[in-house]
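Please look over the sequence and the structure shown here, and keep both in view while reading the briefing that comes after them.

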Amino acid sequence: MSRSYWNTGENFSQPDAEQLKQNARQTIQKEKARGKQPEPVVIQGRSIVKSWWGQAWCDNLERYADYESRLERGKRYVRTGAVVDLKIQKGKVLARVQGRRKTPYKIEIRISPLSEERCQRAIEKCSRKIENLEQLVNGNFPEELKEVFLGEQGLFPKPREISFNCSCPDWALMCKHVAAVLYGIGARVDENPFLFFELRGIDAGRFVDVTLANRVENMLANADTPSERIIMGNNWEDLFGVL
């Protein structure tokens, strides 16, 4: 939609949780009746995310003051099941979010492509720390490696790398529907960390394969370098008191 700076005359009431839930249920039922398969975001309990990846995604969003004013409303919407459909693709998320009207709003979020240099830097830093794919997707890696993903040059997107569009009449830079989808992405990544790599255009399996290949390459390069831990034969007497 075309947004105007001066178009602030309309004052929209906020739907309550029950209205959102009812509208969302009706939308999903209609879609299924038409033979479509919506992919709603379902939050169990109060916590939107539980795993390291989901929490890291949400923490990354909340670090930026640009988004602060709308994120709380987004949390409310995603918790009530208002995100009735969310699909993650390479560099893009397509979603629909239920509002006070019967027809859900359409949201598109785009993530700028990750540079090869940035990805290679992450691989090099991970090469001595990540043992396998399972370790990576479970977030079971050393604390210092978390900076590889969340740091200034990390793999998580910065605000300038995220663009979005919503069909709602809200003229704000980020509306609550977009905020709900951003948290919905966190919930999806929480369930399946591979979706984070899909969104960033990274093949997770190849990421680990290259990481391990670099590790082996470094080991072979240093194969002829004597280790300080090798005990030389002429040092045994001093070390163990052998006569």
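In this predicted model, Glu18, Gln29 and Ala33 are exposed on one side of helix 1, while Leu20, Asn23, Ala24, Thr27, Ile28 and Glu31 of that helix are buried. These buried residues cover an arc of only 135° around the axis, which puts them on the same side of helix 1. The points below look at this helix, then at a pair of strands, and then at the aromatic rings.

**Helix 1: length, ends and packing**

- Helix 1 runs over residues 17–33, and because each residue should add 1.5 Å, its 17 residues are expected to span 24 Å, which agrees with the 24 Å found between its end C-alpha atoms.
- At the N-terminal end of helix 1, Asp16 acts as a cap, with a side-chain oxygen placed 3.3 Å from the backbone nitrogen of Glu18, a residue that is itself exposed.
- After helix 1 comes Gly35, and the phi of this glycine is positive, near 85°.
- The buried residues of helix 1 pack against three elements, namely helix 3 (68–79), strand 1 (83–89) and strand 2 (92–97).

**Strand 1 and strand 2**

- Strand 1, against which the buried residues of helix 1 pack, has five of its seven residues buried, so it is largely enclosed by the rest of the structure.
- Strand 1 pairs with strand 2 in the antiparallel sense, and six bridges join the two.
- Within this pairing, Asp85 stands opposite Arg96 in strand 2.
- The two strands form a hairpin with two residues between them, where Gly91 takes a positive phi near 70°.

**Aromatic rings**

- The count of aromatic pairs in the model comes to 10, and one of them is formed by Phe196 and Phe197, whose rings meet edge-to-face, with 5.5 Å from centre to centre and 85° between the planes.
- Are Phe196 and Phe197 buried or exposed? Phe196 has 0% relative accessibility and therefore counts as buried, and Phe197, at 1% relative accessibility, counts as buried too, since buried means under 20%.
- Ring pairs link Phe196 and Phe197 into a cluster together with Trp52, Trp53, Trp57, Phe149 and Phe156.

Terms used:
Residues are numbered from 1 along each chain as its sequence is written. This is a predicted model: local features need pLDDT of at least 70, side-chain atom pairs count only at pLDDT 80 or more; totals for chains, interfaces and linings use all residues. Side-chain values use heavy atoms; hydrogens and water are left out. Helices (H or I, at least four residues) and strands (E, at least two) are DSSP runs, numbered from the N terminus. The expected span of a helix is 1.5 Å times one less than its number of residues. Buried means under 20% relative accessible area, exposed over 50%, partly exposed in between (1.4 Å probe, protein chains only). The arc is that of the directions from the helix axis to the C-beta atoms. Contact means heavy atoms within 4.5 Å. A polar contact is a pair of N or O atoms within 3.5 Å; within protein, one must be able to donate a hydrogen and the other to accept it, and residues adjacent in sequence count only if both atoms are side-chain atoms. Two strands pair if DSSP finds at least two bridges between them. Rings of Phe, Tyr and Trp (its six-membered ring) pair if their centres lie within 6.5 Å; planes under 30 degrees apart count as stacked, over 60 as edge-to-face and the rest as tilted.
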